[in-house]
Amino acid sequence: MKYDEIKEYCLAKPGAYQDTPFGPFPICFKVGERIFLEWYPDEKITLRCEPMLTDYYRRTYPEQIVVGYHCPDRQKPYKNTIYLNQGLDDTLIYDMIDISYQEAAKRQRRKREV
């Protein structure tokens with residue numbers, strides 16, 4: 001899976017946009033103020049997820065999915081880094097992007113309600 005495919009998929013989501021809040025990398029995709037995907041040039045992405053599902057992915061795909069790269073300790077239960085082009089099915093990656101987007105959008109809505 002290439003960056004252009006990920007970019008196109010992310011930007012097709014309602015309210016999604018690209019940003020670089022930390023410098024040139026990672027390239028982040030956000031909904032509102034929430035990041036739902038971080039792309040790194042060495043072919044890995046970091047995504048948000050629900051803790052039980054995050055753990056499931058790490059245990060099921062230990063070579064391709066690991067604890068979130070560069071995440072503070074408080075975010076590690078919620079974020080996974082996925083190594084692209086390591087044998088994971090693209091459909092699974094798209095599903096994980098969808099989950100991450102939904103989690104970020106849900107958190108964005110809660111923030112507006114407060």
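Is K76 buried, partly exposed or exposed? In the predicted model examined here, K76 has a relative accessibility of 29% and therefore counts as partly exposed. The side chain of K76 forms a salt bridge with that of D73, with an N to O distance of 3.2 Å. D73, in turn, is exposed, its relative accessible area being 62%.

The K76 and D73 pair belongs to a wider set, as eight salt bridges are found when the whole structure is searched. Among them is the contact between K2 and E43, in which 3.9 Å separates the closest N and O atoms. Because K2 is located in the segment preceding α1 (3–11), while E43 sits in the loop that connects β3 (34–40) with β4 (44–48), this pair ties together parts of the structure that lie 41 residues apart in sequence. E43 counts as partly exposed, at 34% relative accessibility.

A further salt bridge is formed by the side chains of K106 and E103, again described by its N to O distance, 3.2 Å. Both residues belong to helix α3 (residues 90–113), where a spacing of three residues places K106 and E103 about one helical turn apart. With a relative accessibility of 34%, K106 counts as partly exposed. E103, by contrast, has a relative accessibility of 12% and counts as buried, since the limit for this class is under 20% relative accessible area.

The strands were examined next. Six of them form an open sheet with antiparallel pairing, arranged in the order β1-β2-β3-β4-β6-β5. At its edges lie β1 (16–19) and β5 (65–67), each of which pairs on one side only. On average, and with direction ignored, neighbouring strands of the sheet are turned by 25 degrees against each other. The edge strand β5 runs antiparallel to β6 (residues 79–83) and is joined to it by three bridges. Within this pairing, V67 has N80 of β6 as its bridge partner.

Helix α1 packs on the sheet, where it touches β1, β2 (27–31), β3 and β4. The direction of α1 makes an angle of about 135 degrees with that of β1. Helix α2 (residues 51–60) lies across β5 and β6, and its direction is at about 30 degrees to β6. The strands touched by α1 thus include β3 and β4, whose connecting loop contains E43, the salt-bridge partner of K2.

Definitions and conventions:
Residues numbered from 1 in each chain as written. Predicted model: local features only at pLDDT ≥ 70, side-chain atom pairs only at ≥ 80, totals over all residues. Heavy atoms only, no water. Salt bridge = Lys/Arg side-chain N within 4 Å of Asp/Glu carboxyl O. Helix = DSSP H or I, 4+ residues; strand = E, 2+ residues; numbered from the N terminus. Buried < 20%, exposed > 50% of the residue type's maximum accessible area, 1.4 Å probe, protein only. Pairing = 2+ DSSP bridges. Axes fitted to C-alpha atoms, helices over the stretch in contact; angles between N-to-C directions. Contact = heavy atoms within 4.5 Å.
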